[in-house]
Amino acid sequence: MDYNSMPHRPIICIDMKSFYASCMAMLHGLDIMTMPIAVVANFNQPGSVVLAASPMMKERFHIKTGNRRYEIPHHPDIRLFEPKMSFFIEMSMMITKLIANYVPLDCIHVYSVDESFVDLTGTEKLWGAPEETAKEIQRAIMDQFSIPSAVGMGPNMLISKLALDLESKKTGFAKWSYEDIPTKLWPLKPLSKMWGIGKQIEARLNAMGIHTVGGIANADLKELEKEFGIIGNQLYHHAWGIDLSTIGEPILSKGQISFGQGQMLMRDYPTRKEISVVLLEMCEDVMRRTRDAGFVGRTISLGVSYSKQAMTKGFYRSKTISTPTNETMVLYRTCLELLDEHFAGEPARQLSVRITNLERERSIQLDLFDEHKLKRQLLGPTMDAIRAKYGATSIMRAASFTTSGTAIKRNSLLGGHLA
């Protein structure tokens, strides 16, 4: 691979370690590095998820993000907190403002509440070598907010993210170049450890006999494109560390490959009738975002995880429809078909809905035998506009007012958690 024509910019990906726990530690004057601290989604739910855990919580009590509240031992040293999402977002914005002291705002891409990409190109005359500037930003965040961070650095956004995920989260700082790809990235397995590869794609790659990133890099590009379409092309080039995206570029223009939502239910949902209520609410949200972004999609996926007492595993299945859509009820009916086909009758505890195989919504394809299609196509955007102006709960489906509905309660949350 000829890397001479590829981008060579000093990009960093900076991640706030145990961000939620660090914020709560700062708020209560605790030392995040020495105190066992965890942020739990809801104290009233024994099965509530641990959203963040301090390094000492992981080391002494083996509790990390994703554990359940009932798994946390009763110990006088442990400090538990519920989330304060509005505070976390405020902290995230303050950290971004601090980073903006070193680079222009358009050189910062906020990837998530606790992670950002920063292009340090051209900062040498002001702050010295980019590597030293990155470390200075880390020190400034620590000094001002007492929040430790990890930084990955590379010649593009992809490599900086890989350096962060695969090395600097253990060491605090890591700098990768294109030449590091064969030795540091290619041996990686399982494949789902790599940014951008989920369990579904990993399973399909494994079925092709590919089990390492090096296997993708040395696979036949045409075979990958035949199996995955444009994603196969992306997988191949990412395996070589190639990424042509730029900071500030809207993610939707290139990187958006799906719209979806997952929801952990607060109790068991044992029947199809109850599950279908939540599915309808989730489909409404997924399609609203799909319409807002100007996309339609063909492949619809439904995931169901059962409660721990269930005798069978959950499922994740997909169906590709002939006509791309962003209609809520088309997504919902397809999800019900998948549910009817694969539901084992066990109590459901987690649901996920996703639409992929996206393309730009350029026109409405009318059907001579479906005289109501135009009206349905206009209904979704009309409801979206009303919700945007008067609030998410200004128009609700009647099912949301039943005991199975979760949309009204979730609307009072921020990012799915207590505000």
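In this short talk I will go through the confidence of a predicted model, then two of its sheets and one pair of helices.

Residues are numbered from 1 along each chain as its sequence is written. Because this is a predicted model, local features need a pLDDT of at least 70, side-chain atom pairs count only at pLDDT 80 or more, and totals for chains, interfaces and linings use all residues, while side-chain values use heavy atoms and leave out hydrogens and water.

Let me start with confidence. The protein averages a pLDDT of 89, and 93% of the residues score at least 70, where pLDDT is the predictor's confidence in each residue, from 0 to 100. Over residues 250-255 the pLDDT stays under 50, and for this stretch the model has nine contacts beyond four places in sequence, a contact being heavy atoms within 4.5 Å. Where pLDDT is low, the predicted coordinates should not be read in detail.

Now the sheets. Helices (H or I, at least four residues) and strands (E, at least two) are DSSP runs, numbered from the N terminus, and two strands pair if DSSP finds at least two bridges between them. One open sheet has four strands in the order β9-β12-β10-β11, with antiparallel pairing. At its edges stand β9 (258-269) and β11 (315-325), each with a single partner strand, so one side of each is left without a neighbour in the sheet. Strand β10 (residues 295-306) pairs with strand β12 (residues 348-360) in the antiparallel sense over eleven bridges, and the bridge partner of G303 is S352 in β12. Helix α13 (residues 272-292) packs on this sheet and touches β9, β10, β11 and β12, its direction making about 155 degrees with that of β9; such angles run from 0 to 180 degrees between N-to-C directions, and axes are lines fitted to C-alpha atoms, for helices over the stretch in contact.

Another open sheet has three strands in the order β3-β2-β4, with mixed pairing. Its edge strands are β3 (50-53) and β4 (79-81), each pairing on one side only.

Finally, the helices. Helix α10 (residues 221-228) and helix α11 (residues 230-239) pack at an angle of about 140 degrees, with their axes 6 Å apart. That makes α10 oblique to α11, since angles under 35 degrees count as roughly parallel, over 145 as roughly antiparallel, 65 to 115 as roughly perpendicular and the rest as oblique. In this contact, L221, L224, E225 and F228 of α10 meet I230, I231, G232, N233, L235 and Y236 of α11.
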